[in-house]
Structure formats: structure tokens, C-alpha cells
There are 4 protein chains.
Amino acid sequence: MIYLHKHKVGYAETDQMGFMHHSNYARIFENARWELFRSLGLPYKQIENEGILMPVVDMELKFRKPAFYDDELTVNTTIKKRTGVKIFFEYTVTNSKQETINIGKTTLAFMDKHTRKPVRVPEIIAQIIN
Amino acid sequence: MIYLHKHKVGYAETDQMGFMHHSNYARIFENARWELFRSLGLPYKQIENEGILMPVVDMELKFRKPAFYDDELTVNTTIKKRTGVKIFFEYTVTNSKQETINIGKTTLAFMDKHTRKPVRVPEIIAQIIN
Amino acid sequence: MIYLHKHKVGYAETDQMGFMHHSNYARIFENARWELFRSLGLPYKQIENEGILMPVVDMELKFRKPAFYDDELTVNTTIKKRTGVKIFFEYTVTNSKQETINIGKTTLAFMDKHTRKPVRVPEIIAQIIN
Amino acid sequence: MIYLHKHKVGYAETDQMGFMHHSNYARIFENARWELFRSLGLPYKQIENEGILMPVVDMELKFRKPAFYDDELTVNTTIKKRTGVKIFFEYTVTNSKQETINIGKTTLAFMDKHTRKPVRVPEIIAQIIN
């Protein structure tokens with residue numbers, strides 16, 4: 001349950017410090033975890049089509065080193081745990097010099113798309129992540 | 001049918017040139033035109049609640065001068081024309097030195113929220129913009 | 001050392017869940033903390049002009065409830081602590097129903113703009129935050 | 001002088017209409033044109049390293065059809081013209097059904113990184129684009 005996602009830092013992601021702005025990581029982690037899900041045979045799109053939303057309920061980031069324009073980042077994503085109501089992801093981001101530049105965690109819950117109420121882990125996810 | 005919208009340039013909007021990145025204008029224009037609508041008594045939220053979406057179908061921007069971090073920009077928004085199926089907005093952005101830094105145009109259409117088909121101008125809009 | 005910053009949720013900030021996308025909080029917190037600094041007489045722009053950058057080194061967010069398009073959010077920002085090398089901010093975000101929807105923390109360090117090396121808290125900051 | 005750039009629509013790019021928000025195109029075009037430059041042997045990063053910035057001075061977009069979450073878009077980028085002071089790009093965006101969903105144009109100028117004044121086309125660009 002590991003996936004290596006690549007992210008090329010775009011110009012629009014830089015700020016006037018000359019770094020990739022820290023707000024971009026949330027979006028990069030999101031792309032990384034759904035590519036992990038796709039690699040497990042379950043694209044996130046399909047989860048929403050089945051009537052389930054997966055909102056982020058917790059996020060933590062440690063910024064170790066800056067990322068720069070045009071850097072090719074590798075996001076190593078793992079699923080640490082899955083309970084009846086939540087799923088816990090961890091991310092380690094390295095640059096092309098193999099330096100760890102960011103470590104992140106996100107916790108996601110499950111929500112019914114129509115009632116907007118929290119629900120237990122849907123069967124399609126429980127089958128592949130136990 | 002004019003509205004002056006203020007926008008303070010945030011740090012996340014800057015890029016490594018030290019300018020506000022040009023991709024931010026689309027979002028600023030969007031906020032500006034819906035504040036114009038609110039000033040006419042019709043918040044955009046209410047339009048969506050009535051089942052109408054207003055997608056952008058055309059956008060043009062002329063970037064005259066850069067905007068910088070913490071600049072307070074003024075967006076002068078006007079409705080230039082309204083036909084049976086479209087509405088035409090123009091935007092002039094000035095900085096605190098009263099320099100015109102950007103001129104933009106957007107054309108929006110009307111779409112039924114449920115069928116996702118184009119529709120004619122809804123009555124709630126025709127009543128205030130003729 | 002408290003500041004109440006207002007943020008109106010823009011359309012571009014929404015996602016197809018119909019919520020404000022969680023990635024927007026990093027940017028909102030950033031705007032909130034620099035408005036707090038401005039209220040203390042020290043705009044962040046002036047800090048950079050003095051040759052100091054303040055990168056984020058840690059960020060934590062707890063997402064309690066969603067924010068929606070056009071919601072007016074209030075970000076209550078406080079400075080919890082200041083050491084010789086770091087400054088710790090906390091944020092509580094409430095919606096117009098006075099519900100707490102998000103709680104965040106960010107830790108910022110100080111960096112020399114030219115050498116890009118970490119530095120101790122600059123005098124201009126130590127004078128106002130002790 | 002043609003390049004096909006791929007863009008997978010991320011969740012953060014969607015809005016509550018369920019479409020990719022129109023503000024994302026400016027960023028996608030930017031990534032596409034610099035990948036075109038890279039394919040010509042001249043990464044944009046190298047241009048900035050030589051002391052030249054290339055700000056956007058004009059942008060036009062025609063939104064024909066919406067893009068959706070997880071769509072794989074193809075951006076066909078061409079250089080239409082190069083004068084002594086500007087370079088003109090055109091973009092045609094297609095979805096995986098080969099439908100043209102967006103047509104864009106951007107004009108870029110050349111600026112000295114240090115003086116921030118407009119300059120004529122630098123030799124490294126004139127050599128590959130005539």
C-alpha cells in the first residue's frame with residue numbers, strides 16, 4: 001500500500017521567496033493519495049459515483065526544506081491505518097537530490113453524498129484496505 | 001451598474017518574479033462581478049439556488065503593469081451588455097497609485113443546474129439588468 | 001495579541017463536494033497572521049524589506065465542519081509563543097452561525113533573505129512580541 | 001514548434017458546478033508552454049538563470065465545454081509568431097473524447113530580471129524560434 005507520485009513544481013506554485021508556496025502541499029497530497037487508490041484498482045471518482053465523499057478531517061505537515069521551480073518531487077504515500085470510520089495516510093516528499101523536504105499526514109472520513117452525514121467505511125474500500 | 005471591489009494581494013498569490021501571478025485575475029474578476037450582483041440585490045448564491053449556473057464562456061485580459069504583494073487593488077466592474085443568452089462584464093484594475101494595471105473582459109452564459117443545458121436569461125436577472 | 005480576520009469564501013475556492021476545498025486554509029491563515037502583524041504595527045512586507053523571510057516550518061489543521069460558498073468566516077488568530085528562533089500561531093475559524101469549523105496551528109522560522117540560512121528572531125519582531 | 005502536454009484534472013481544481021474552475025487554464029497553459037520550450041532544448045528555468053523574465057502581457061480564452069474531475073486533458077501548444085519583443089502562443093485543449101474544450105492565446109514579453117525593464121528577444125530564444 002505504497003505509491004510513488006511525481007509532481008513537477010510549476011511556476012504558478014512559486015512565491016516571492018522563490019520557494020514553492022507551502023499551501024500547495026495539500027493539493028499535491030490529494031493527487032498522490034488518489035493515484036495510490038487508482039493503483040489499488042479503485043479510482044476516487046468511482047467512490048464518489050457510489051455515493052461516498054471522503055473529506056479531510058486532519059492534516060499535519062512538517063516543512064524541512066524548500067522546493068523550487070521545476071523541481072521534480074516524489075511523493076511516497078502510504079496508508080498507515082484504516083478504522084471503521086477513518087483512513088490515515090502518510091506522505092514523504094523527496095526532491096531529485098533524494099533529500100526529504102516534507103512529511104505530511106492526512107486523516108480522511110467517509111460521508112454520504114446525499115445526506116452529508118458521516119458513514120462507516122464503505123464495502124468497496126473495506127475490501128481492498130483492511 | 002458599476003462596482004468597486006477591493007483586493008489585497010496575498011503572499012500566496014506572488015510568484016518568483018515577485019509579481020502577483022497572472023492566473024489570479026480570473027478569481028479576482030469572479031469575486032468582483034458577484035459583489036456587483038450583490039450590490040444590485042441579487043447575490044450569485046441566490047441565482048444557483050434558483051437552479052441557474054453562470055459559466056464563463058470567454059475571457060480576455062491585458063496585463064499592463066505588475067501587481068505586488070500587499071498592494072490594495074481596486075477592480076472597477078461594469079456590465080457592458082446583456083443579450084438573451086449572455087452577459088458581458090468589463091474590469092479595470094488600478095493600484096493604489098491610480099495606475100491601471102489590468103483590463104479584463106468576461107462573457108458568461110446561463111445554464112440549467114439540473115439538465116446542464118444552456119438556457120435563456122432567467123427572469124430574476126432580466127428584471128435587474130436590461 | 002489577537003486579531004479577527006474576515007474571509008468571504010469565493011466560488012473558485014469551492015470543490016465538487018460543494019465545500020470550500022481544504023487546501024485554502026493555508027492561504028487564509030497566512031493572510032490572517034500578517035493582518036495580525038499589521039495591527040501590531042509591523043506589516044510582513046516591512047519584515048522582508050529588512051532582509052528577513054518567515055517560512056512556515058510546521059502546520060496542523062483540524063477540519064470540524066465544512067465552509068460553503070459565500071460564507072463569511074472569522075479567523076481568530078493568536079500568537080501562542082515566541083522563542084529565539086520560532087513563532088507559534090493558532091487559528092480558530094468560525095462561520096456566521098458562530099460554529100467553530102477549523103482549528104489550525106502554524107510555526108514559522110526566520111531566514112536571512114540573502115544567505116537563505118536560519119537566523120534568530122530579528123530585533124523588529126522581538127520588540128513587539130516577547 | 002508544437003507540443004502535446006497532458007494535464008490530469010485534480011479534485012482541488014473542481015468547483016461546486018462540478019466543473020474544473022476556469023481560473024485553472026492560465027496555470028495549465030503556463031506549464032504547457034514551458035514543456036514546449038523544454039522540448040526545444042531551452043527550459044524556462046534556464047531563461048531566468050540568464051537574467052530574462054517572460055511575463056504574460058495578453059491572454060484570451062474561449063471555454064467551449066467543461067472539463068471534469070480526473071479528465072486527462074491534452075494541451076496542443078504552438079508558437080504562432082515571434083517578433084523582436086514578443087512571442088505569441090496558441091493552445092487547443094481536448095478531452096479524452098477528442099472534443100475541443102478550450103482554445104487559448106497568450107502573448108509574452110521579455111523583461112530584464114534586474115532592471116525590470118522590457119528588453120528585446122534574447123539571443124538564446126532568437127536562435128531557436130525565428
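The following dialogue explains how several descriptions of this predicted model are reached.

Modeller: Local features of this predicted model need pLDDT of at least 70, side-chain atom pairs count only at pLDDT 80 or more, and totals for chains, interfaces and linings use all residues. Residues are numbered from 1 along each chain as its sequence is written, chains are lettered from A and ligands numbered from 1 in the order in which they are written, and side-chain values use heavy atoms, with hydrogens and water left out.

Biologist: How do you know how many helices and strands chain A has?

Modeller: Helices (H or I, at least four residues) and strands (E, at least two) are DSSP runs, numbered from the N terminus. Chain A has three helices and seven strands, in the sequence order β-α-α-β-β-β-β-β-β-α.

Biologist: What makes the radius of gyration of chain A agree or disagree with that of a compact globule?

Modeller: The radius is taken over C-alpha atoms, and the globule rule is 2.2 Å times the number of residues to the power 0.38. For 130 residues a compact globule would have a radius near 14 Å; chain A has 16 Å, so the value agrees. The C-alpha atoms fill a box of roughly 45 × 25 × 20 Å along the principal axes.

Biologist: Why is A:Thr77 called buried?

Modeller: Buried means under 20% relative accessible area, exposed over 50%, and partly exposed in between (1.4 Å probe, protein chains only). A:Thr77 has 0% relative accessibility and therefore counts as buried. This residue is found in strand 4 (residues 72-82) of chain A. Leaving aside residues up to four places away in sequence, its contacts (heavy atoms within 4.5 Å) include A:Met1, A:Ala32, A:Leu36 and A:Phe89. Of the 130 residues of chain A, 57% count as buried.

Biologist: Is A:Gln98 called buried or exposed, and why?

Modeller: A:Gln98 has 64% relative accessibility, so this residue counts as exposed. A:Gln98 lies in the loop between strand 5 (86-94) and strand 6 (100-109) of chain A.

Biologist: What makes the phi of A:Gln98 notable?

Modeller: Most residues other than glycine have a negative phi. A:Gln98 is not a glycine, yet has a positive phi of about 65°. B:Asp70, also not a glycine, has a positive phi of about 75°. That residue lies in the loop between strand 3 (56-63) and strand 4 (72-82) of chain B, and counts as buried because its relative accessibility is 15%.

Biologist: How do you know how chains A and B are related?

Modeller: Two copies of a chain are related by a rotation about an axis and a shift along it. Copies are superposed by least squares on the C-alpha atoms of residues with pLDDT of at least 70 in both. Chain A is laid on chain B by a turn of 180° and a shift of 0.0 Å along the axis, with an RMSD of 0.0 Å. The two copies are thus related as by a two-fold rotation axis.

Biologist: Why is it said that chains A and B meet through the same surface?

Modeller: The reason is that 100% of the interface residues of chain A are also interface residues in chain B.
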